[in-house]
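Here are my notes on the model you sent, set out as numbered points. Please read them with the structure open beside you.

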Amino acid sequence: MRVGCRPDAATALGEWLCACPCVVTVERTSGRRSFQLLVAAADPAALDDFVTAALAQRPGVTEAVVATSLHVFVEGSGWRPQALDAAQRAALTADRHRLPPPSPRRRTGDLELIVALGGDARRSAVELAADTGLSDATVLRRISDMTRSHRLVFRCDVAREAAGWAFSLCFWARLPADELTELGATLAAWPEIRLCSAVADDDSNVLLIAWLRTQQDCIALESRLRQRFPNLHITERQLNLRTLERMGRLLGSRGRAIGLVPFGIWG
């Protein structure tokens with residue numbers, strides 16, 4: 001979601017957005033709109049309710065453009081800084097094929113367990129059981145089951161600027177639908193791509209986010225995209241000016257975590 005607001009209201013609005021449990025990522029961006037958000041809603045009607053009943057009531061808001069994700073090809077939990085070789089990566093998943101197949105259904109206690117893990121994914125089964133009312137053994141089984149079915153994804157992130165990626169660039173683009181799968185498969189191998197998603201938007205059907213080291217890399221990436229996918233038309237470019245929150249972690253001016261807002265879904 002992209003949100004426009006008056007400059008004098010940006011600070012207060014940013015603080016309110018970061019405090020909303022359903023708004024898990026908040027970025028201040030260049031371009032026509034002041035903010036780019038990642039919002040978790042139970043369904044399309046709930047998302048509409050968040051926009052019209054909550055966001056629209058905030059002072060200074062001038063515009064809210066909703067884009068819903070249809071399919072995610074690449075996202076932050078799958079991004080790799082190329083620190084491990086192929087053999088080391090394979091060793092991390094060597095035991096998965098010996099486990100029973102995961103359950104595709106959501107069960108009572110699953111969401112509570114996810115929320116309990118949000119503050120510190122290294123918590124013990126005993127601590128998680130105390131928070132959720134599940135037994136220790138059930139906690140371990142549920143975590144294994146949800147990770148293998150990709151309903152629960154563990155993510156270890158870095159402070160972007162401190163790690164050498166000085167720029168975060170967002171492209172909204174349009175591409176023929178029959179080329180989307182090839183785009184996703186190709187960009188999964190590009191190390192600078194943090195997100196590639198098919199979206200339902202006003203005049204775009206692709207959202208791309210890249211981490212880049214120099215300003216020249218920003219131009220080079222767009223050129224590379226156009227060479228590889230001649231039918232790709234970029235409709236909007238946004239440079240991340242400041243990340244206020246990423247996946248529930250409140251970030252300071254240097255991009256390091258300074259707080260946590262527990263995850264919630266707007267229902």
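1. In this predicted model, strand 1, which covers residues 2–5, has side chains pointing in two directions: Arg2 and Gly4 point one way, Val3 and Cys5 point the other way, and all of these residues are buried. Strand 1 runs antiparallel to strand 4 (residues 61–65), to which 4 bridges join it, and it also runs antiparallel to strand 3 (residues 35–39), in this case with 2 bridges. Arg2 takes part on both sides, since its bridge partner in strand 4 is Val65, while in strand 3 the residue opposite Arg2 is Gln36.

2. Arg2 also deserves attention for its side chain, which forms a salt bridge with Asp201, with 2.5 Å between the closest N and O atoms. Because Arg2 belongs to strand 1 and Asp201 to the loop between strand 7 (193–200) and strand 8, this pair ties together parts of the chain that are 199 residues apart in sequence. Both Arg2 and Asp201 are buried. In general terms, side chains of opposite charge can pair when their charged atoms come close.

3. The search of the whole structure finds 20 salt bridges, and the Arg2 pair belongs to a network of them that links Arg2, Arg32, Arg33, Glu63, Asp201 and Glu236. Within this group, the side chains of Arg32 and Glu236 meet in a salt bridge with an N to O distance of 3.8 Å. Here too the pair links distant parts of the chain, with Arg32 in the loop between strand 2 (23–29) and strand 3, Glu236 in strand 9, and the two positions 204 residues apart. The two partners have opposite surroundings: Arg32 is exposed, with a relative accessible area of 64%, whereas Glu236 counts as buried at 10% relative accessibility.

4. A further salt bridge joins Arg194 to Asp157, whose closest N and O atoms are 3.0 Å apart. This pair links distant parts of the chain as well, Arg194 being in strand 7 and Asp157 in the loop between helix 6 and strand 6, 37 residues apart. Arg194 counts as buried at 5% relative accessibility, and Asp157, at 27%, counts as partly exposed.

5. Which aromatic rings pair with one another? The search of the whole structure finds 3 aromatic pairs. One of them is formed by Trp16 and Phe50, whose ring centres are 6.3 Å apart and whose planes meet at 15 degrees, so the pair is stacked. Since Trp16 lies in helix 1 (residues 10–19) and Phe50 in helix 2 (residues 44–54), the pair ties together parts that are 34 residues apart in sequence. Phe50 counts as buried, its relative accessibility being 0%. Trp16 and Phe50 form one aromatic cluster together with Trp266.

6. Trp165 and Trp211 form another aromatic pair, in this case a tilted one, with 6.1 Å from centre to centre and 45 degrees between the planes. Because Trp165 lies in the loop between helix 6 (136–148) and strand 6 (167–174) and Trp211 in strand 8 (residues 206–212), the pair ties together parts that are 46 residues apart in sequence. Trp165 is buried with a relative accessible area of 13%, and Trp211 is buried with 4%.

7. Two arginines are placed over aromatic rings: Arg224 lies over the face of Trp190, at 3.7 Å from the ring centre, and Arg228 lies over the face of Phe229, at 4.7 Å from the ring centre.

8. Two backbone positions should be checked by eye. Most residues other than glycine have a negative phi. His150, however, has a positive phi near 65 degrees; this residue sits in the loop between helix 6 and strand 6 and is exposed, with a relative accessible area of 60%. Met247 likewise has a positive phi, of about 50 degrees, although it is not a glycine; Met247 is found in the loop between strand 9 (233–246) and strand 10 (249–251) and counts as partly exposed at 42% relative accessibility.

9. Finally, on the surface, Val115, Phe263 and Ile265 make a nonpolar patch of about 220 Å². Phe263 is found in the segment after strand 11 (257–260), and its relative accessibility of 33% means that it counts as partly exposed.

Technical notes:
Residues are numbered from 1 along each chain as its sequence is written. This is a predicted model: local features need pLDDT of at least 70, side-chain atom pairs count only at pLDDT 80 or more; totals for chains, interfaces and linings use all residues. Side-chain values use heavy atoms; hydrogens and water are left out. Patches are made of residues with over 30% relative accessible area and no salt bridge: like charges are joined within 9 Å, nonpolar side chains (Val, Leu, Ile, Met, Phe, Trp, Tyr) within 5 Å. Accessible areas come from the Shrake-Rupley method with a 1.4 Å probe; for residues, only the protein chains shown count as cover. A salt bridge is a side-chain nitrogen of Lys or Arg within 4 Å of a carboxyl oxygen of Asp or Glu. Buried means under 20% relative accessible area, exposed over 50%, partly exposed in between (1.4 Å probe, protein chains only). Two strands pair if DSSP finds at least two bridges between them. Rings of Phe, Tyr and Trp (its six-membered ring) pair if their centres lie within 6.5 Å; planes under 30 degrees apart count as stacked, over 60 as edge-to-face and the rest as tilted. A charge sits over a ring if NZ of Lys or CZ of Arg is within 6 Å of the ring centre and within 35 degrees of the ring normal.
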